[in-house]
Amino acid sequence: MADAGGASLSYDPRTWVPAGSGAVPIDAGGAPAAAAPQWRKLSLAIGVALLVAFAGFIAWRQRTAPAGATGSGSAASAAEPGASKTRQTRRTLVLAGASELRAALLANGVGAAEAAAAAQATQGALKADSEVRAVLTLEPAAGGCRLARLEASNPDSSGAVATPRGDGGFDVSKVAPQLHARIVVKRGRMDADSFYSSAVAAGISDSLIPEFAKALAFDFDFQREVKLGDAFEAAFEQEINASGQPVGAPRLLYAELNTANKSSAVYRFTPPGGKPDWFDASGRSIVRALMRTPVDGARVSSKFGFRLHPVLGFMKLHKGTDFAAPIGTPIFAAGNAVVEWAAMKGPNGNLTILRHENGWQTYYLHQNRFMPGIAPGAHVAQGQQIGEIGTTGRSTGPHLHYEVHIAGEAVDPLGIQTEQGSTLTGPALVAFAKERDRIDVSRAGQAG
Ligand SMILES: [Zn+2]
């Protein structure tokens, strides 16, 4: 073994070491295993250089080649290989919808009957209300050109290929969507404003944020338990088409929140024959009798120290939780219930009282308005919007004053021990574990 610290002079390129990288130990006998990566790096560099030179040559050839009888407006054109024989040209058109196809074919010199037949033939495979990409293969013909082939595709890469049959009609082969789903992971920390603004800052699509907050609303009181600097994570699935473009809305798969006192991580899963729901890592449903946050938690202010009842001493008598959020923020039924009261009531402002299946009651004060149909006797489902945040009655600013009553007595909503949700078993648990692992692997792969 040569001394690793001493750079010995050698004419064998396998022993050359880049400046500043430190010496690589070399076996005295030559042909050292440690030197092999250097060799590979060198061949790779030569390979890349050759590739770049070749690409440059191709680009030069294309620039200097004759332009061909093509090209106008937004259409991109290129000569087909073998164009000298058939003189075919290809044009790519981007259309606002399938209904523009016939006119686009006409504009590119295709005869009226042929254009109508080709558009008609592909109509069934194209979406009416989304962008269509059409690739036309044209051959010169008397008075214009002949359509030798039409490839038309939707944003999800589904579509159709039409080829002339010889009798004026077209044969069509349909292409199924070529989508694959990608899991995207975003992480962030609570800012001084709201969960909503923190999530937007972390790059979470705003269409996902209310659901994100709702998935965590069983475990956290967003007004009192979530603070500046608390860490959260979201994973969502996005469908991608063959050209790498996102298609359709993203779907939330995972929500996690870590505060000073507790952590919660929930996975979306649809049990066989059931509805999509949220489960913890062990497959236990997170749904409880009551949500801790009965408002759109994403918009609850987390401004530390901000309180709506500035009178000293009042907090001691305060029987509920105040959720500060802008006027109009949705208020949800904390659990399945029957409406007992929904009307103005003095200093309470617009008040709703719900009676839940276990006999508990929840009170919602100072609302801006009630949702239609929220009246005594009406049944409401957990998470259903029953009203809006307001500042009616004796209130110093927009907020929901929320109370939980057990046996007629107001209790601290944070102190309630609610029963645990049911746990998946058997094949449903096996399927859940598979989905959880799929999400976790993506999360691990996007660590940081
Ligand atoms: Zn209050």
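Two strands are taken to pair if DSSP finds at least two bridges between them, and in this predicted model that condition is met by strand β12 (residues 321-324) and strand β20 (residues 399-406), which run antiparallel and are joined by four bridges. Within this pairing, A324 of β12 has H399 of β20 as its bridge partner. In a regular strand the side chains alternate between the two faces of the sheet. Strand β12 is covered on both of its faces, since T321 and F323 on one side are buried, as are D322 and A324 on the other. A324 thus appears both as a buried residue of β12 and as the residue bridged to H399.

A further set of pairings involves strand β3 (residues 132-141), which is joined to strand β2 (residues 89-95) in the antiparallel sense over seven bridges, with V94 standing opposite R133 of β3. Strand β3 also pairs with strand β4 (residues 144-153), again antiparallel, through nine bridges, and here V135 stands opposite E151 of β4. The connection between β3 and β4 is a hairpin in which two residues lie between the strands, and G143 in the turn has a positive phi of about 80°.

Considered as a whole, the protein chain contains eight helices and 21 strands, and of its 448 residues 30% count as buried. Among the contacts in the protein chain with a separation of 6 or more, 62% are accounted for by residues that are 24 or more positions apart.

Key: Residues numbered from 1 in each chain as written. Predicted model: local features only at pLDDT ≥ 70, side-chain atom pairs only at ≥ 80, totals over all residues. Buried ≥ 20, exposed ≤ 12 C-beta atoms within 10 Å, placed from the backbone. Contact = placed C-beta atoms within 7 Å.
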